[in-house]
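Q: I would like to learn how to read a protein model, one feature at a time. Can we take the features in turn, with the general idea before each case?

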Amino acid sequence: MNVVKQLRGGSLSSTCVVQRASGLYVRKTSCRANNREHGLIRLFSQKSKQNHLARIFPQYFLPVLETGLDRLTGDAYVELEYKEGYRNLFEALSENPPEATVAKIFRLVRHVIEELGCHELESRITPQALDLYFEEELIQPVAYLRQANVHPLLEKEHFTFQGHQVRNLAFRDLGSLSGHYQRASFGRETLTHGNFTLENILVSPDLEDIKLIDCYDENYVSSRYNDLSQLLQCTRAFYSASVGCRKLIDSDGVSAAFQVPRGISQFNEMLEAYLAQVLDTEERRLIDLYLISQFTRMLPFKMKGGDSPGALYYFALASSLYESFISR
Ligand SMILES: Nc1ncnc2c1ncn2[C@@H]1O[C@H](COP(=O)(O)OP(=O)(O)OP(=O)(O)O)[C@@H](O)[C@H]1O
Ligand SMILES: [Mg+2]
């Protein structure tokens with residue numbers, strides 16, 4: 001086995017392309033010693049979900065082909081086929097393709113969403129199910145960050161985010177959050193990707209084929225609202241564009257300088273128009289809350305990974321999104 005290129009590397013996990021006699025593969029490894037919850041356990045829950053979905057939707061999901069123990073490093077690994085020439089949607093849209101191309105990519109993504117949504121599960125998305133989700137993924141991570149004493153900024157009731165004054169989310173009465181999703185049910189749970197970001201959707205060079213990677217199983221509620229909010233995380237709230245850039249933190253607030261590629265804005269307009277067409281107001285409000293939770297749920301992960309500037313920045317972004325949410 002020969003490592004051809006590194007796709008991504010971190011302290012706990014890495015993703016690289018490896019060459020073997022039978023062809024090229026993507027190998028994702030995880031450390032088995034540290035932070036097992038966010039590393040090893042997560043990788044193997046991804047693996048089982050990915051294989052399950054690849055059975056149902058072989059046209060979309062790449063199956064995991066091999067797993068094992070790397071004797072040299074002691075790490076665990078999974079391998080899938082390497083799709084040569086395929087680019088993730090953040091890369092593809094960042095090249096600012098013609099609007100007709102963006103529309104074509106959007107139609108492919110819409111098909112995936114709609115086909116997954118056709119597979120309904122027995123359980124319903126009740127306010128009680130959402131209580132559990134938002135308690136675990138929004139309320140608790142906010143409390144965790146506040147207690148972690150990361151930065152004096154978190155002690156302030158107001159700070160700035162990208163130059164605008166916002167109220168610290170930790171000072172809000174989050175106990176009343178459930179008031180925003182009180183209705184008998186939001187329909188049934190459905191099959192979902194679970195980590196439906198632009199980086200986890202690959203498109204072929206001829207833009208005819210889409211392949212999904214990196215799905216995620218621990219969402220408490222398997223809801224299309226979650227998947228849709230993960231797309232919005234990249235297109236409305238610019239996670240993909242901001243994640244790699246430097247975060248500036250001073251005594252007043254947090255900011256980062258980055259450009260939003262036109263292709264991303266166009267994709268977002270198409271997505272927002274689609275949501276307005278197929279969802280009612282309460283469903284769209286629920287997606288807005290889900291979007292906030294995408295940023296709060298990553299806080300413990302960012303902190304444990306040593307990225308406290310990132311945690312502060314996305315906490316401030318969550319504070320800003322919440323402020324717009326309740327003012328509407
Ligand atoms: N099978 C594949 N074929 C082609 N490119 C791939 C493949 N798997 C991953 N890539 C490329 O590598 C990038 C990173 O891969 P991946 O999403 O698996 O790792 P990760 O982001 O580190 O994992 P996670 O999302 O679980 O944190 C993808 O966005 C994509 O551009
Ligand atoms: Mg990924």
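Q: Where is Tyr220 found?
A: Helices and strands are DSSP runs numbered from the N terminus, a helix being H or I over at least four residues and a strand E over at least two. Tyr220 is found in the loop between β12 (210–212) and α5. The model is a predicted one, in which local features need pLDDT of at least 70 and side-chain atom pairs count only at pLDDT 80 or more, while totals for chains, interfaces and linings use all residues. Residues are numbered from 1 along each chain as its sequence is written, and chains are lettered from A and ligands numbered from 1 in the order in which they are written.

Q: What is the phi of Tyr220, and is the residue buried or exposed?
A: The phi is positive, about 65°, although Tyr220 is not a glycine. For burial, count the other C-beta atoms within 10 Å of the residue's own, with C-beta atoms placed from the backbone: 20 or more is buried, 12 or fewer is exposed, and in between is partly exposed. Tyr220 has 15 such atoms, so it is partly exposed.

Q: Where is Phe238, and what is its phi?
A: Phe238 sits in the loop between α5 and α6 (239–243). Its phi is positive too, at about 60°, and Phe238 is not a glycine. With 19 other C-beta atoms within 10 Å, Phe238 is partly exposed.

Q: How do I read the packing of α5 and α8?
A: Fit a line to the C-alpha atoms of each helix over the stretch in contact, then take the angle, from 0 to 180 degrees, between the N-to-C directions. Under 35 degrees is roughly parallel, over 145 roughly antiparallel, 65 to 115 roughly perpendicular, and the rest oblique. The axes of α5 and α8 come within 8 Å and cross at roughly 60°, so the two helices are oblique to each other.

Q: What is the hand of that crossing, and which residues make the contact?
A: A crossing is left-handed if the near helix is turned anticlockwise from the far one by less than a right angle, and right-handed if clockwise. α5 passes α8 in a right-handed crossing. Two residues are in contact if their C-beta atoms, placed from the backbone, lie within 7 Å. On α5 the contact residues include Tyr225, Leu228 and Leu232, and on α8 they include Leu286, Ile287 and Leu291. To class them, count Ala, Val, Leu, Ile, Met, Phe, Trp, Tyr, Cys and Pro as nonpolar, Asp, Glu, Lys and Arg as charged, and the others, Gly among them, as polar. The contact of α5 with α8 has 7 nonpolar, 5 polar and 1 charged residues.

Q: At what angle do α3 and α5 pack?
A: Helix α3 (residues 99–117) and helix α5 (residues 224–235) pack at about 165°, their axes 11 Å apart. That makes α3 roughly antiparallel to α5, and their crossing is right-handed. Ile113, Leu116 and Gly117 of α3 meet Arg224, Asp227 and Leu228 of α5. By class, these are 3 nonpolar, 1 polar and 2 charged residues.

Q: How do α8 and α10 cross?
A: Helix α8 (residues 281–296) and helix α10 (residues 308–327) have axes that come within 8 Å and cross at roughly 165°. The two are therefore roughly antiparallel, and the crossing is left-handed. Among the residues in contact are Leu289, Ile292 and Phe295 of α8, with Leu317, Leu321 and Phe325 of α10. The contact has 10 nonpolar, 1 polar and 1 charged residues.

Q: Is Ala92 buried or exposed?
A: Ala92, in helix α2 (residues 89–94), is buried, with 22 other C-beta atoms within 10 Å. Leaving aside neighbours within four places in sequence, Ala92 is in contact with Arg87, Ile105 and Val203.

Q: How many helices and strands are there in the protein chain?
A: The chain has 10 helices and 14 strands. Its radius of gyration, taken over C-alpha atoms, is compared with a globule rule of 2.2 Å times the number of residues to the power 0.38. The value is 20 Å, close to the 20 Å that the rule gives for 328 residues, so the chain is as compact as a globular protein of that length. Buried residues make up 36% of the 328.
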